[in-house]
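Thank you all for coming. I would like to walk you through a structure that may be new to most of you, so please have the sequence and the picture open as we go.

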Amino acid sequence: MTVIHVVAAVVVDEHGRLLVVRKRGTSAFMQPGGKFETGEDAVAALRREVREELGVGIATVRPLGRHTAAAANEPGHTVAAELFAVTLDGPPRAAAEIAELTWLDPHRPDAVELAPLTRDAVLALLS
């Protein structure tokens, strides 16, 4: 099984809602983030991905560890994600490959289809 290494941002607003995004051509919502570029460490990759996908920077960052799950958009693959709790330096907006973003009540996650990493790892971190 192929493992895809990614970084992902766990963004929670002042109302306790979790920011999730949906990439163009997909149905599952997930954390903002993505794959590493050559030579990047995890925080550098996270800062770049958040800027590209949400059009904002990161104000604070705190590691939440490495978590694995089935890949949402690549059947037969697993994602190994370095998760980080972050605060943003402005209001996020859908940019780059992001088709849609929404704020999800983590206690009522059935509102949208969630990627396995979000459903199984991120929500557990927030409970």
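Let me begin with a single residue: where in the chain is the place of A42? A42 sits in helix 1, which covers residues 42-54, and I should say straight away that what you are looking at is a predicted model. With a relative accessible area of 17%, A42 is buried, because anything under 20% counts as buried here. If we set aside the neighbours within four places in sequence, A42 is in contact with V7, F36, E82 and F84. K23, by contrast, lies 19 residues from A42 along the chain, and the C-alpha atoms of the two are separated by 21 Å.

Now let me step back to the chain as a whole. It contains two helices and six strands, and, read from the N terminus, these elements follow the order β-β-β-α-β-β-β-α. The radius of gyration is 13 Å, close to the 14 Å that the globule rule gives for 127 residues, so the chain is as compact as a globular protein of that length. Taken along the principal axes, the box filled by the C-alpha atoms is roughly 40 × 35 × 30 Å. Of the 127 residues, 46% count as buried, and the chain exposes about 6500 Å², of which carbon and sulfur atoms supply 51%. If we take the contacts between residues at least 6 apart in sequence, 67% of them join residues at least 24 apart. As for charge, there are 13 positive and 17 negative side chains, and the centres of these two sets lie 1 Å apart.

Let us turn to the interior. In soluble globular proteins, nonpolar side chains tend to be buried together. Which residues have the most contacts inside the largest nonpolar core? That core has 19 residues, and the ones with the most contacts inside it are A9, V11, L46, V50, L54, V86 and L88. At least two residues of this core come from each of strand 1 (2-11), strand 2 (18-23), helix 1 and strand 5 (77-88), and the largest share, five residues, is supplied by helix 1. Apart from this core lies another, of 18 residues, which includes V10, L18, V79 and L117.

L54, which I named a moment ago among the core residues with the most contacts, touches L19, V21, P32, L88, P91, P92, R93, A95 and L101, not counting residues up to four places away in sequence. Just beyond helix 1, in the loop that leads to strand 4 (58-70), we find G57. G57 is buried, with a relative accessible area of 7%, and, once residues up to four places away are left out, it touches R51, T87, L88 and D89. The C-alpha atoms of G57 and F84, which are 27 residues apart along the chain, are separated by 14 Å.

Strand 5 also holds T78, and T78, at 16% relative accessibility, counts as buried. Its contacts, leaving aside neighbours within four places in sequence, are M1, T2, V3, I4, T68, A69, A70 and A71.

Which residues of helix 2 are buried? In this helix, residues 116-126, they are P116, L117, T118, A121, V122 and L123, and these buried residues pack against strand 1, strand 2, strand 4 and strand 5.

I will finish with two loop residues. E74 is in the loop between strand 4 and strand 5, and at 31% relative accessibility it counts as partly exposed. Not counting residues up to four places away in sequence, E74 touches I4 and K35, while G25, 49 residues from E74 in sequence, is 12 Å away from it in space, C-alpha to C-alpha.

The other residue is A96, in the loop between strand 5 and strand 6 (98-104), and A96 is partly exposed, with a relative accessible area of 40%. Most residues other than glycine have a negative phi. A96, although it is not a glycine, has a positive phi of about 50°, and you may like to find this residue in the picture before we move on to discussion.

Note on methods. Residues numbered from 1 in each chain as written. Predicted model: local features only at pLDDT ≥ 70, side-chain atom pairs only at ≥ 80, totals over all residues. Heavy atoms only, no water. Helix = DSSP H or I, 4+ residues; strand = E, 2+ residues; numbered from the N terminus. Rg over C-alpha atoms; globule rule 2.2 N^0.38 Å. Buried < 20%, exposed > 50% of the residue type's maximum accessible area, 1.4 Å probe, protein only. Contact = heavy atoms within 4.5 Å. Areas by Shrake-Rupley, 256 points an atom, 1.4 Å probe, with all protein chains shown as cover. Lys, Arg positive; Asp, Glu negative; His and termini not counted. Charge placed at Lys NZ, Arg CZ, Asp CG, Glu CD. Core = buried A, V, L, I, M, F, W, Y, C linked by side-chain atoms within 4.5 Å.
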